Amino acid sequence: MSHPNDSSASTSRRKIIKGVVSTASAAFTTHIIAARGKGDGGGTGGGGITGDNPMNVSAPNCPNAIQGQTVPRWVDPLPLPSYLPPLSTGALPAQYTSPVGDVLHGVAPEWANHPADWDGKPTQYYQVNMRPGRQQFLPSSMGLWTDFWGYAGRDADGTFRPASAPGPMFRFRVGQPALVRVANDLPEEMSVHMHGGHWPAHSDGHPNFLVLPQAARDYYYPNVLPRVNGGDTGAFDVSESTSTMWYHDHAIHLTAQHVARGLSGIAPCFDDLELGLITNGVLPGIRGVSDVGPEYRNPYDIPLVFQDRLFDPNGNVCYDGNDHNGYLGNIALVNAKAYPHLNVERRKYRFRCLVGSNSRIWRFRLSDNSSFLRIAKDTWLFPKPQQTQCWLAGPATRADIIIDFAKYPVGTELYLENILDQQDPRGPGSKLEDENGTTVSGNPAFRHRLIKFVVGARDTRYPDATITTNSTLRPHIPIRDNEITARRHFKFERKNGAWAINGQFFDEALANVVPTLNTAEEWTLENGGGGWWHPIHIHLESHQQVADLRTGRPIPYHDSFKSDTCMLGPNSQIKIRMKFRTFKGPFVFHCHNVEHEDLDMMFQFDPRVTPTPSPQPVQQFFP
């Protein structure tokens, strides 16, 4: 089977990449050099940062990389992604030069053929172009600028904003369709994955459903929930309502390089339940402002995107396209700014924390080791908040947390830290169960401060949030034993210097798994060992962890509900359950250490209406 996006040039390039030679590195601008890292140097002496451990990483290909300990701290305020309003609502915008679907890569068939109740609210139309950009990732006092690739949003007056990192922020509404026309002004093929949503296959960001250079794709996001009982009729499953989504490039064999270059952004989504929590004062926000679309402006709801990068002496990102073990940086970025600060009021804040790194595993805590509330994992709110001192996160993991700054005097300086040392892409060198707890005892041996909070007086015009561990958030519906129609086992392992699942590499023409629509399955995800960590991401719908087969311990509270990533530490075996509703495939699941994904630790699953044995050729996407 061939996809309508394929070209002989891209097919030829993929064969070269599968031979472990990355020609895409040569396509980088001259500002990007081949490198993977550099040690930060010795501790806190010699002008280093007092009380802050360096992120030491091996760097044979980048001997002149900027040392992390020489980078000034807390110079710049935290930058916030700019909100991108729709070009129009309910009618095709004048800025579109052709009707929906009249672009090279078309639009999902579901745009024209869907149940009537998907159209309860008028469609919002957007346009985003992928373009080069230039931004100060490093502190402004260093005077260095970074060239990157990013997303440029279009405004209603027809002008494009400069490309930004992170990209512009969408604010979607559950039940309100969105049509995003994405054009590619870059020299590489791209594929935009809106991570955490429930989308048609054409719009999901499948690695082979590309946006070729100088072409466009219309991404149709119906923002519709799966039905409780599947199918096209009946009640929508409000337990699946999305909250914190994000988007990033997902092009076949090029994802890691493109993400390292800056192609990612964040996209919150709201439904009546979550907006009601703001209206009723449970979640932070301003009544009548934060709960009213399409902007949902909320100064007490802050996205934090964490990444690690290496920089050459000119301020540009170092990346080695030939290294498929994983990419580690020695400088931490928050919202694409190294070591920023944020002024906060003496009140509760919600932080939507996203790990957008290529490979690094993080464990976050506050510098005074105080407790805070965690209210979500990945895209979904918990049934009730969890009190914790820390959380573990790998690439693509999200954690929504509530920090109460009211307990600190005005003038207090507080830091969010990473306390998990990782010097090798293999992982932090510890066990998953030892890092995935909720308490931190004593003073961690490794502490790397990421962002400084400076506490100021509270604006008394707006009441503080009332959220506690007793607050009711999102209902959860567990997948029952009697719903399971199939059980499958997937082993993630290293093979021949690349990355495999069940001994097989990614095959774009093969559907490795063919579930039946409107059924549930149970999968065992096994890490083949070798000390490697693998954060596994499954597209289409949430999954639920139900058992840890290696330890026999109960699944921790924060992993017990809905997720779209499942962390596998060395030798882990986690049993999950997942439903397949609404959309036929193909979709993918893969390791979200994106270097592993690029070198073929990825399988396809292809939900179909008629029960079909696995594996099968991927069904023809267009009828």
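Here a trainee and a mentor talk through a predicted model, one feature at a time.

Trainee: Let's start with the open sheet of seven strands; which are its edge strands?
Mentor: Read off the order, which runs β12-β11-β10-β14-β19-β16-β17 with mixed pairing. An edge strand here pairs on one side only, and that description fits β12 (337–338) and β17.

Trainee: Inside that sheet, what stands opposite L354?
Mentor: Look at β14 (348–355), which pairs with β19 (residues 398–404) in the antiparallel sense over seven bridges. Across from L354, in β19, you'll find R398.

Trainee: Which residues touch the most other members in the largest nonpolar core?
Mentor: Nonpolar side chains tend to be buried together in soluble globular proteins. This core has 62 residues. Take F351 as an example: leaving out residues up to four places away in sequence, its contacts include L304, F405 and F453. Those names come back in the answer, which is L304, F351, F405 and F453.

Trainee: And how many residues are in the other core, apart from that one?
Mentor: Y96, L179, L525 and L568 are among its members. The count for this separate core is 38 residues.

Trainee: Over to helix α3; which of its residues are buried?
Mentor: The helix covers residues 272–279. Its cover includes β4 (172–173), β9 (264–270), β14 and β17 (380–388). Just past the helix, G281 has a positive phi of about 80°, but the buried residues within α3 are E274, L275, G276, L277 and I278.

Trainee: Are the side chains on the two faces of β23 buried or exposed?
Mentor: In a regular strand, side chains alternate between the two faces of the sheet. For β23 (residues 498–501), that puts A498 and A500 on one side, with W499 and I501 on the other. Both faces are covered, and all four residues are buried.

Trainee: Which residue takes a positive phi in the hairpin of β22 and β23?
Mentor: The strands pair in the antiparallel sense over four bridges, and R494 has W499 as its bridge partner. Two residues sit between the strands, and the one with a positive phi, near 55°, is N496.

Trainee: Y296 has a positive phi too, so is it buried or exposed?
Mentor: Most residues other than glycine have a negative phi. Y296 goes the other way at about 55°, in the loop between α3 and β10 (301–309). Since buried means under 20% relative accessible area, Y296 counts as buried because its value is 5%.

Trainee: What about N571; what is its relative accessibility?
Mentor: N571 also has a positive phi, near 65°, and its place is the loop between β29 and β30. N571 counts as partly exposed, because its relative accessibility is 44%.

Trainee: Where is P586, which a cis peptide bond joins to G585?
Mentor: The omega of that bond is about 10°. Another cis bond runs from A165 to P166, with omega near -10°, and P166 is in the loop between β3 (146–153) and β4. As for P586, its place is the loop between β30 (573–580) and β31 (587–591).

Trainee: Last one: which element gives the most to the lining of the second largest pocket?
Mentor: This pocket has a volume of about 330 Å³ and a lining of 24 residues, with L432, N436, Q545, P556 and D559 nearest its centre. Elements giving two or more residues include α4 (432–435) and β27 (543–548). By class, the lining has 10 nonpolar, eight polar and six charged residues. The top contributor, with three residues, is β29.

Note on methods. Residues numbered from 1 in each chain as written. Predicted model: local features only at pLDDT ≥ 70, side-chain atom pairs only at ≥ 80, totals over all residues. Heavy atoms only, no water. 1 Å grid on protein atoms, 1.4 Å probe; cavity = no way out; pocket = protein on both sides within 12 Å on 5 of 7 lines; lining within 4 Å. Points joined across faces, edges and corners; volume = space filled by probe spheres on them. Nonpolar A, V, L, I, M, F, W, Y, C, P; charged D, E, K, R; others polar. Buried < 20%, exposed > 50% of the residue type's maximum accessible area, 1.4 Å probe, protein only. Contact = heavy atoms within 4.5 Å. Pairing = 2+ DSSP bridges. Core = buried A, V, L, I, M, F, W, Y, C linked by side-chain atoms within 4.5 Å.
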